[in-house]
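Subject: Structure for you to look at

Hello,

Here is the structure I said I would pass on. My notes on it follow below the entry.

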Amino acid sequence: LQDLFSLCGSLQDLFSPHVAVIYPQDPVLRMGSNLTASCWVHPDLGVHASSLFWTLNGQQLPGSLYRVLSPTNLSVTLAGLNASRQKSGDNLVCHNHKGHILAGSCLYVGMPPEKPVNLTCWSRNTKDLTCSWTPGGPGESNISTQYTLKYKRRWYDEEKKCEDYVPTQPYSCRITRDLYLFTPYEIWVEASNQLGWGASDVLTLDILDVVTTDPPSGVSVSRVGQLEDQLSVRWEAPPALKDFLFQAKYQIRYRLEDSQDWKVMDDVGNQTSCRLAGLRPGTVYFVQVRCNPVGIYGSRKAGIWSEWSHPTAASTPQSERLMTGSCDSKSSGDSNSTLRRELKQFFGWVRKHAYGCSSMSMKMYDQWRVLMQKSHKARNQVGKHH
């Protein structure tokens, strides 16, 4: 029986209008409204109204709400109605004394829609225009609300309706027709239900100002010789935009295999390669890259970041110090901590004087590492002679 009450519209199929009828049938009401409904039974049924009872969503309503209007008519009065618990409507049902259903009505209780908000749009590779928005108030969740995305070219067209709504992304629609570059568009969303209507603010944009790309392709991650704390990342520009006039801006993020915390490198610039340093030896890292097409076709607006590329994994070499061990664990620990401290000092200096992925800083680092390794070997040799 409970499954039956979850499908309000199906109740009307269970009885004949010649047996009993509820007035009003399927009313639409504002939250807080009062409702008086009547259950009229056919005289030939031989049932007196005083023997009937009402239920709302399967729960019997108290007799204090009833009023016998005639031998064949029983009313119920509901005050201060709450919002419908389901979009298919709440079930108000009239029963005979044995509990059998005589008639049913669906109550739709909610509010007119407020104007939609947070309207934003983006274009994938300039081939389409997808827009999303947020309902403006709680009324949408109470009764069914229809949303329509509309658009027009300023100075040119009559308004058009977006038809390609995205089932997996509620409150979004994809425009694939009537798109032109170098033309401002006016875009807005209209919301309507059985109680009213509302429209969002109008968004004005040029497609070139809201372009995003596919993620960079061909992302590869490899070791840098036997440097145990570094990985080299390379990628290609998004293929769909290779013929467009734009400057790419890239970001890299990486994380440890057993961690969900990503570290983001913002200063990659327009290069298509980068060196990650300061990593843990003998550790698997996952790396992703994304692209921002800045100044496409001369647009003055900042582009929109693409999705991240699929994760690519690589491991740093195992540290030789950890593999070979040492007879003097204390001196090994001191040496390791000294190296880490010096590494930290070096990267602090590089961050102040150069870009994190610039070739200049990497050459400087490589030269510095050679000096450090020579110094380390010299200290070991001195220690052996003593």
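This is a predicted model, so please read what follows with that in mind. The notes go from the whole chain to the sheets, then to the salt bridges, and end with one residue.

Overall

The chain has 386 residues, and 42% of them are buried. Its secondary structure amounts to 26 strands and 4 helices. Among contacts with a separation of 6 or more, 64% are between residues 24 or more positions apart. The exposed surface of the chain is about 21700 Å², with 51% of it supplied by carbon and sulfur atoms.

Sheets

Two of the open sheets are described here. One has 5 strands in the order β2-β9-β8-β4-β5, and its pairing is mixed. Its edges are β2 (28-30) and β5 (59-60); each has a single partner strand, so one side of each is without a neighbour in the sheet. Within this sheet, β8 (residues 90-95) and β9 (residues 101-110) are antiparallel and share 6 bridges. Asp90 has Leu107 in β9 as its bridge partner.

The other open sheet has 4 strands, ordered β23-β22-β25-β26, and its pairing is antiparallel. Here β23 (263-269) and β26 (312-315) are the edge strands, and because each has a single partner strand, one side of each is left without a neighbour in the sheet. On average, neighbouring strands of this sheet are turned by 30° against each other, direction ignored. The antiparallel pair β25 and β26 is joined over 4 bridges, and Val287 has Thr312 in β26 as its bridge partner.

β10 and its partners

β10 pairs with β11 and also with β19, in opposite senses: β10 and β11 run antiparallel, with 4 bridges between them, while β10 and β19 (residues 211-212) are parallel over 2 bridges. On the β11 side, the bridge partner of Cys121 is Cys131. On the β19 side, Ser123 is matched with Val211. β10 and β11 also make a hairpin with 4 residues between them, and Asn125 in the turn has a positive phi of about 60°.

Salt bridges

The count of salt bridges is 8. Three of the pairs are set out below.

- Asp128 and Arg174: the closest N and O atoms of this salt bridge are 2.9 Å apart. Asp128 is in the loop between β10 (117-124) and β11 (129-134) and Arg174 is in strand β15 (residues 172-175), so the pair links distant parts of the chain, 46 residues apart. Asp128 counts as buried because its relative accessibility is 7%, whereas Arg174, with a relative accessible area of 34%, is partly exposed.
- Glu190 and Lys150: the closest N and O atoms come to 3.0 Å in this salt bridge. Glu190 belongs to strand β16 (residues 184-193) and Lys150 to strand β12 (residues 146-153), so the salt bridge ties together parts 40 residues apart in sequence. Glu190 and Lys150 are both buried.
- Arg177 and Glu163: this salt bridge has its closest N and O atoms 3.4 Å apart. Arg177 sits in the loop between β15 and β16, and Glu163 in the loop between β13 (160-161) and β14 (164-165), so parts 14 residues apart in sequence are tied together. Arg177 and Glu163 are both exposed.

There is also a network: Asp128, Asp164 and Arg174 are joined by salt bridges that share partners.

Thr283

The last item is a single residue. Where does Thr283 lie? Thr283 is in the loop between β24 (273-276) and β25 (284-294). Is Thr283 buried or exposed? With a relative accessibility of 16%, Thr283 counts as buried, because the cut-off for that is under 20%. The side chain of Thr283 reaches the backbone oxygen of Pro281, at 3.0 Å. With neighbours within four places in sequence left aside, the contacts of Thr283 are Leu256, Ala314, Ser315 and Thr316.

That is what I have for now.

Regards

Conventions
Residues numbered from 1 in each chain as written. Predicted model: local features only at pLDDT ≥ 70, side-chain atom pairs only at ≥ 80, totals over all residues. Heavy atoms only, no water. Buried < 20%, exposed > 50% of the residue type's maximum accessible area, 1.4 Å probe, protein only. Polar contact = N/O pair within 3.5 Å; in protein donor to acceptor, adjacent residues only side chain to side chain. Contact = heavy atoms within 4.5 Å. Salt bridge = Lys/Arg side-chain N within 4 Å of Asp/Glu carboxyl O. Pairing = 2+ DSSP bridges. Axes fitted to C-alpha atoms, helices over the stretch in contact; angles between N-to-C directions. Areas by Shrake-Rupley, 256 points an atom, 1.4 Å probe, with all protein chains shown as cover.
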